[in-house]
Amino acid sequence: MTKLLLCRIAGAFALLWPVVSVAQTPVDCKRNPDQTRWFVRARPASEATGTNDRPFASLAEVERCAPAGATITVLAPADGAATLDGGIRLKDRQKLLGPAPAGGGKPAARLTNTGGSGDAITLAHGNEVAHLHIDNPAGAAIFGDNVNGTNLHDLLLTRRGTAAPTAVEPATCRVVKTADAVDMSQSVLRGCNSQGTGLLKSAVMLLVDDGVNMANVKYSIQRVAIQDNPVHEQPQTLWRAGVQISAGGRVSALLEIHESAVENTLRGVSVRSADRRTITGEITDLRLDSLRDDGIAPGIGFPCSGLDSTFNKFDLNCAKLAPAPVSDGRIVLNIDRLRFTDTLRHGTPNSAGVIEQAVMDQGRSAIEIHVQRSDITDAAAAGFFTFYIWGRPAKDVIDFGCVNPDPAGTAPDPVACRRAGYTSIGQNRIFGNSRTSKTHTPLGEIALQGPGQMMAQGNFFGDIAPADGKGDALGECHQLIWPINNKDELPPVRNIPNARCEVYTVEGQGAPSGIDARFHLTSDPRPPKK
């Protein structure tokens, strides 16, 4: 990890509030002899040509003059200068760069957007954005709608907003209903939340569908530190996630997140799939801390999808929601070396887990999650849980480690694991969860709610009960019935002293097949430093 990810924003609240530069007579863009390189710097307005020696003083000027493919450098601000405000809308293949800080420190170049859409940087195709501090925008720090080839790296994104972040444009969320169905060919879903209304912004917000004839898109995020307000007295003012991708239509999206960190937002990483889209996430060395809700939240579909208007249970009334969009979406997440903690104790009881996957279609979609060498610890709710209450996937693979998939096997068989679709080597640390939740399973680490099976071999489940210097086996799970009213949790069918997991039968959806947690580790693979 670089020092960028470890830096705190001590003194960030003391930064000058940004101001928008006073409008000037438009400059002649042709006065810059090198049309491929442009410069902008927060400073008092004066005659400028957009060169390194005479940089522009506003984002609006450099946006107007720099052509597609140009490199725009945001120089360190002049002494006492406010943050560059107003945001910038990039053109295809442009690079927006700040000077690389010495020794991996905090970027000196700052920009924001306190008005309009509130988005500090709006992406086009093939953009690279690096070495910038994006501070306190009203919307997203970085927003991309139907763009491809995004490369974000070495960034610091911070927020201390006093109002909710802005919402996406209404045109990105339009559900067209007929008498008894949703017209999927006319609907636009990439900007919709699970309720079918427009999403509120996240720090990095990526929307995509096949509306611009793109079959495959790729986004790369490396060494990006995202830090929201550590004071959660008004959680509605928080970014909805550190990174959010929402895809619709028939498109395949690849999201790569490496060596990055998210603190104090509502969620860490949100991945939403609708219609016939496929999202693949490659997530390595991600640190999540002090989130209000889940760390990683993959979700498919919409409430009441595949249900009629008479459905009214599990706190879901479809009288007004049905018909809802259907989804044949697919999500595949490969997670390695995730580190989760809740230093400031922001996690919402009975809600905030490390990873929660939710599916709301009726047996149409597919979801795969492969997790290895990660810390699934310190969550307010269970470390991992499924939400298959309002729907279920046609196929799911829950893979937290495989040593030998044969129930009678006693020796490692990695070939058989791969043949069965399991790629994780395990070595996860899964303990210390359900920290503030009210539950029949106060030591609960895992909760399967509805159908599905979990492979969780070769992991360390802590040394808790009994604390004898040896790693625990996960043991037998509490078996429960999901309550029809979605509130009053029924007691386990049989009480298991010190149970560490829960499996719920859900009426209309089914029951879990179980959790295979054999071959557990007897020693911590990553013991805390003394």
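A residue counts as buried when its relative accessible area is under 20%. Keep that cut-off handy for both exercises, and remember that this is a predicted model.

**Exercise 1. Work out how compact the protein is, starting from its radius of gyration.**

Step 1. Get the parts list: the protein has three helices and 31 strands.

Step 2. Hold the radius of gyration against the globule rule. The protein comes out at 24 Å, close to the 24 Å that the rule gives for 530 residues, so it is as compact as a globular protein of that length.

Step 3. Look at the burial. Of the 530 residues, 58% count as buried.

Step 4. Check who touches whom. Take the contacts with a separation of 6 or more: 76% of them come from residues 24 or more positions apart.

Step 5. Add the outer dimensions: the C-alpha trace spans about 80 × 65 × 45 Å along its principal axes.

**Exercise 2. Decide whether D472 is buried or exposed, then find what its side chain reaches.**

Step 1. Locate the residue. D472 is in the loop between β28 (452–455) and β29 (478–481).

Step 2. Apply the cut-off. The relative accessible area of D472 is 6%, and buried means under 20%, so D472 is buried.

Step 3. Follow the side chain. It reaches the backbone nitrogen of I464 at 2.7 Å, and the side chains of D472 and R500 are joined by a polar contact of 3.3 Å.

Step 4. Fill in the surroundings. Leaving aside neighbours within four places in sequence, the residues in contact with D472 include F461, G462, D463 and H520, along with I464 and R500 from the previous step.

Notes. Residues numbered from 1 in each chain as written. Predicted model: local features only at pLDDT ≥ 70, side-chain atom pairs only at ≥ 80, totals over all residues. Heavy atoms only, no water. Helix = DSSP H or I, 4+ residues; strand = E, 2+ residues; numbered from the N terminus. Rg over C-alpha atoms; globule rule 2.2 N^0.38 Å. Buried < 20%, exposed > 50% of the residue type's maximum accessible area, 1.4 Å probe, protein only. Contact = heavy atoms within 4.5 Å. Polar contact = N/O pair within 3.5 Å; in protein donor to acceptor, adjacent residues only side chain to side chain.
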